Amino acid sequence: MVKNILVPTDGSDYGKTAIAYGIHIARKLNAQLTGLHVVDVRLLQSPVFTDISGAIGLPPYQEFLPVIESGLNVKAESILKEFREQCEAGGVHAETKKVLGVIDETIIEEGKVCDWILLAQRGEHFHIGGRAILGSTAQSVVRRSGKPVMVTPEHFREIESMAVAYDGSIPAHKALKLATELSEAAAWPLSIIIITDDQPLGAKLSEQSEALLDPFKIDSAILILGGKNEDKVLLRFIQEGSVELLVMGAYGHNRLRELLVGSTTSTVIRKSTIPVLLTR
């Protein structure tokens, strides 16, 4: 099912948790991990710094460039060395790769040869502007990669059970298929979460999900939860601690609705205390 998982890593604490989840899942599915560190090309192309250095009489930016590049490469090698050591300690075979480029674009490109991409919820520079990796990299990767993307939280918890959010949409169908395949491969019990106050709709979605589950031999249950705000209901369910992994379709509503009222996907992956596996 899953042979290779790409794990972008930046050496942050959240990044180390992401590696721990990668190791846990790789051992469960007999998959290989590929650690990727992207040296941000924008740090080597700084017109702002060039303007400032000229204005205050510092040497030209070009004179600093070799020192900056060398420092970034040394840091990258150290981060990837830690990645290999963490994987070896966990008994997982891993490869590593260092690439110079724009972070999200490079992750998407490198992810084309992998089955999944596994990203930390927050990155090294989370505090800058308060937007975190979620404000740029993760959302861009989830929207554009075309591969399942798992976003991992601050702390690691061993996965023993999982849930999938199902609303009958095309992304939800894909999420349910992915969840049932993963449940079968990893022997994790699966809860199908349907959020609606409409009883006939709940019954209809329950029947649809049962039909999709029928070919699979898994331990499963269907839960119909009331509520109008899907993100709040899902986060409340997560906080109850019933499962350790949530699968959901990414960005099921149109972009106009997201601009007006926000996105369930963005809210859940930003606030979830468990990994969220997203598929489009």
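Here is a short walk through the nonpolar cores, one buried acidic residue and an aromatic pair. The model is predicted, so local features need pLDDT of at least 70 and side-chain atom pairs count only at pLDDT 80 or more, while totals for chains, interfaces and linings use all residues. Residues are numbered from 1 along each chain as its sequence is written, and side-chain values use heavy atoms, with hydrogens and water left out.

Let's start inside. The largest nonpolar core (buried Ala, Val, Leu, Ile, Met, Phe, Trp, Tyr and Cys residues joined through side-chain atoms within 4.5 Å; buried means under 20% relative accessible area, exposed over 50%, partly exposed in between, with a 1.4 Å probe and protein chains only) has 42 residues, of which Ile-5, Ile-25, Leu-33 and Trp-116 touch the most other members. Helix H1 (13-29) is among the elements giving two or more residues to this core, and its eight residues are the largest share. Helices (H or I, at least four residues) and strands (E, at least two) are DSSP runs, numbered from the N terminus. Apart from this core lies another, of 33 residues, including Leu-119 and Val-268.

Val-268 leads us to Asp-231, which touches it along with Thr-264 and Thr-267, leaving aside residues up to four places away in sequence (contact means heavy atoms within 4.5 Å). Asp-231 lies in helix H8 and is buried without a salt bridge (a side-chain nitrogen of Lys or Arg within 4 Å of a carboxyl oxygen of Asp or Glu).

Finally, Tyr-21 and Phe-156 form a tilted aromatic pair, 4.7 Å centre to centre with 55° between the planes (centres within 6.5 Å; under 30 degrees is stacked, over 60 edge-to-face, the rest tilted). Tyr-21 lies in H1 and Phe-156 in the loop between S5 and S6, so the pair ties together parts 135 residues apart in sequence.

Conventions
Lys and Arg count as positive and Asp and Glu as negative; His and the chain ends are not counted. Rings of Phe, Tyr and Trp (its six-membered ring) pair if their centres lie within 6.5 Å; planes under 30 degrees apart count as stacked, over 60 as edge-to-face and the rest as tilted.
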